Structure formats: structure tokens, C-alpha cells
Amino acid sequence: FALAAAALAGFVAIERRAPDPVLRLDLLRLPAFSGSTAVGFATSFGLFAVFYFTALYLQVISKYSGWRIAREFVALTIAMLIAGLVSARWTTTRGPRAPMAAGCLLAGAALLAVDALLGRQPSFAGLAAALAAVGFGLGLALVAVTAAVLTIVPAERSGMGASTDRKSTRLNSSHITISYAV
């Protein structure tokens, strides 16, 4: 933790002095950017955690083979793809806030269901359904997060996802427009 804190302090010090920073730190003052970034971190952390810990549990405790574990996660993957399409349309018409919130709530509840279903020999169908709900919730949230963040940064800097053009002196966080088609 000390090394992480030192690395963070070094990153901030370098970014403040850099003429063309990777991350414009003033973006973190915008509620839309910092909130979306926090949701993106939490949902990505949840996704990687469910993949890693559920797969590890199924392999070590339930003695599932790699193929059986992979089949268990197919439902999560398909649900994320479907949710991505749903979230893109929802975000385009209503903005990113509602799909982010709904996705996080669904994913959180579904993660609790996954935890409850894990046992010595978990039900394949039950666990697949809970993982699908996790995937659908995370798919809703992650697409909305991406859309929210990309509306704040200029298009020419969207590859970095967080950097902005130095010519921009004032950022407007009161109105975010999402304009892409699915």
C-alpha cells in the first residue's frame, strides 16, 4: 500500500507539470467525470473479481474442469453482449445515469446470488442464471460509463479516454449529450 501511495503521488506530481498530460487532473473536479470513473472502476473490479474468484472456487472446491467452468461463464458473456446493446440505446435516448445505476444495482444483487449459490456442488443452471444477471448488470453499467466519459473528453483525445485538448480552457459539466447510433 505504501508503494501504491508513493506511485500515486509521483503520478500526480508528474501530471501536474507535464505540458501534455495523460490525465488532465482538472477533469476529476467534474462530477460527471469523477463519478463515471468511480463507477467504471467498481464495475470493472466486480467483473474481474467474479471471473477470478468464481472460477477459482469452481476449480478448487467443486473440482470443475476448465471446460465446465468456461461453459458456466457463457451465460455471463452472452448477457453482457445483450446488455451492451440495450444500454447503448437506453443511454442514447435517456443519458447514462439510469443505466449506470440500474446496472450496478442488478450486478450487486446478482453477485450476492452467486455467493449464495456457490457450494460443494452448485447447480449449473442456477449459477449460470446468476452469472447471466451479473453480466447483464455489468453490461448496462460499463457501456453507460464509457459513453459518459467519452462525452466529456474531446474526440481527438478519446483514445486515451481521459486526456483533453490543451486548447480547451473551460469544461462544461452541466449538460452532456450522447450522440452515437447503434
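Helices here are DSSP runs of H or I with at least four residues, strands are runs of E with at least two, and both are numbered from the N terminus. The model is predicted, so local features need pLDDT of at least 70 and side-chain atom pairs count only at pLDDT 80 or more, while totals for chains, interfaces and linings use all residues. Residues are numbered from 1 along each chain as its sequence is written, and side-chain values use heavy atoms, with hydrogens and water left out.

**Exercise 1. Aromatic rings**

Task: Find how the rings of F41 and F45 are arranged, and state how the two residues are placed in helix α2.

Solution. Begin with the rule: rings of Phe, Tyr and Trp (its six-membered ring) pair if their centres lie within 6.5 Å, and planes under 30 degrees apart count as stacked, over 60 as edge-to-face and the rest as tilted. Next, take the values for F41 and F45, which are 6.2 Å centre to centre and 25 degrees between the planes, and the pair is therefore stacked. Then look at the sequence: F41 and F45 are separated by about one helical turn, because they are 4 residues apart in helix α2. Finally, consider accessibility, where buried means under 20% relative accessible area, exposed over 50% and partly exposed in between, with a 1.4 Å probe and protein chains only. F41 is exposed at 61%, and F45 is exposed at 56%.

For another pair, the ring centres of Y52 and F53 are 4.9 Å apart and the planes stand at 80 degrees, so this pair is edge-to-face. F53 is exposed too, with a relative accessibility of 52%. By the rule above, the count comes to 3 aromatic pairs.

**Exercise 2. The nonpolar core**

Task: Describe the largest nonpolar core and name the helices that supply at least two residues of it.

Solution. Start from the meaning of the term: a nonpolar core is a set of buried Ala, Val, Leu, Ile, Met, Phe, Trp, Tyr and Cys residues joined through side-chain atoms within 4.5 Å. The largest core has 17 residues, and those with the most contacts inside it are I69, F73, L76, V114, L131 and V134. At least two residues each come from α2 (31-60), α3 (66-94), α4 (97-117) and α5 (124-152), and the largest share, 6 residues, comes from α5. To follow one member, recall that contact means heavy atoms within 4.5 Å; V134 is then in contact with V50, L76, A107, A110, L111 and V114, leaving aside its neighbours within four places in sequence. A second, separate core of 7 residues includes L27, L30, I152 and V153.

**Exercise 3. Two loop residues**

Task: Compare the settings of R120 and K63.

Solution. First, locate them: R120 lies in the loop between α4 and α5, and K63 lies in the loop between α2 and α3. Second, check accessibility: R120 is exposed, with a relative accessible area of 60%, and K63 is exposed at 65%. Third, look for partners of R120, which touches Y57, I61 and S62 when residues up to four places away in sequence are not counted. The C-alpha atoms of R120 and S62 are separated by 5.2 Å, although the residues are 58 apart along the chain. Last, note the backbone of K63, which has a positive phi of about 60 degrees although K63 is not a glycine.
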